[in-house]
Amino acid sequence: MSALAPAAHPPANVFEMSAVFRMACRQLETVAAAIDLDPNITQRLMVPKRSQVMAVPVRMDSGKTRVFIGFRVQHSLTSGASKGGLRYAPEVDLGEVAALAMWMSWKCGIMNLPYGGAKGGIACDPAALSLGEKERMTRRFTEEVLNIIGPRVDVMAPDMGTDEQTMAWIYDTYSMKVGYACPEIVTGKPVELGGCVGRREATGRGVVYCVRAAMEELDLRPGDATAVVQGYGNVGSVTADELHKLGVKVVAIGDRYGAVRHDRGIDIQALNKYVAAPGNERRTVVGFPEAEALDPADLLSEPCDILVPAALERVITSENAGRLRCRILAEGANGPTTPEADAVLAGSDVFVIPDILCNAGGVTVSYFEWVQDLQQFFWSEDQVNAKLRDLMLGAFRRVREVARRRNLSNRLAALSLGVQKVATEKAQRGLFP
Ligand code: NAD
């Protein structure tokens, strides 16, 4: 064993009960070895800076009280305020949130944003809550994290199961507490409240900027290409829409309730109308009359040029990785591919656009929103999109350059850039006291 090995591994901790957190640590270990990171720094990067687990009691519409469990994890505050989404989903736990917070640190590093990574969540099924219950839960959660958030400390944004309305409630609750309107406390707000034009679409647009760059490298023309999208929420629906506008045929789409396919290409506008229709409370693609039903178990192995997982983590595993029949895997979701699946993909000709690069458009436009709120000076949507495109393509080029020069996978190259940035800042700032 090398003299350095023990120091790189922190003592066993509560986060490691989670498979997602162990996956994030394994990635960090691989990167640390690839870039020869100082183990004293690696150890600090393995454990989130600050975590809070809290009871979130809510008065339900029935008059009964129900206690939800909430989490907020700030992985790093080294580069500035921590930044990351708030997720409402039944299975959210501390380890998952900690892993997502760690990935946010690397993502902000790749994009050169002055943020550390954070993430939060409440274990609940948002589809089973009324609007009033969601509002009371969100406001109580905000009250519980009040001591550890702030525009210069930790700034939340939407993620799975949360949206602009959720951010508006957090903004209002925080502003009531501090006594003045403080829009810079959250990003992904409604535009009328200081939100940024184009923020809602930013993650999907960023995914498609990366896909186009990959297609150019592979000499694939959008008019000849097909795509499959898993997840039809914020990221999946915008990605599908942007691909469709480019001329790509989106041949299959799935969500939590099922999947649909149409070999000649799904009419995305018609699908959006169907999903938003008043009778479709679950906002599902299932039952869309202009497509046929598809077994969701077959979705990821449908033949296509571009596969976009845009729902959950750990959906591409060692079991199904060998069955993918795509040329480009564009990871709209966070952590959709396990390290075991990555090893399978490494031996294939699938061009992976790793999550921390592919879905970084969201945090990038969140950064634009925060800057605008701090300055009270607002940009046009054209300015937002042009700047987003510049930053996404710049990051894509940097990742590809490192991958080629050092003969690394795109994922390892992306992680190296992100980890190295945070590690360098930590080393230069030193260890307090
Ligand atoms: P969302 O809640 O808007 O949509 C999630 C979608 O996934 C829904 O269509 C849901 O039905 C589907 N889904 C849930 N469980 C599923 C299952 N078991 N199988 C198939 N589909 C399932 O969430 P979102 O904001 O679009 O986020 C999706 C992913 O993208 C998450 O991993 C999130 O962390 C990541 N992400 C989001 C943003 C953002 O700006 N919203 C930014 C970066 C990364």
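This passage describes the aromatic contacts of a predicted model.

Residues are numbered from 1 along each chain as its sequence is written. Local features require a pLDDT of at least 70 and side-chain atom pairs 80 or more, while totals for chains, interfaces and linings use all residues; side-chain values rest on heavy atoms, without hydrogens or water.

Eight aromatic pairs were found in a search of the whole structure. Rings of Phe, Tyr and Trp (its six-membered ring) pair if their centres lie within 6.5 Å; planes under 30 degrees apart are stacked, over 60 edge-to-face, and the rest tilted. Y367 and F368 form one pair, with ring centres 6.2 Å apart and planes at 50°, so this pair is tilted. Y367 also pairs with W370. Here the centres are 6.5 Å apart and the planes stand at 35°, so this pair is tilted. Y367 and W370 are three residues apart in helix α12 (residues 361-375), about one helical turn. Helices are DSSP runs (H or I, at least four residues), numbered from the N terminus.

Burial was assessed by relative accessible area (buried under 20%, exposed over 50%, partly exposed in between; 1.4 Å probe, protein chains only). F368 is buried at 2%. W370 is buried at 7%. Y367 is partly exposed at 23%. These three residues join Y115 and W379 in one aromatic cluster.

A charge over a ring was also identified: R282 lies over the face of Y257, 4.3 Å from the ring centre. The criterion is NZ of Lys or CZ of Arg within 6 Å of the ring centre and within 35 degrees of the ring normal.

Technical notes. Helix = DSSP H or I, 4+ residues; strand = E, 2+ residues; numbered from the N terminus.
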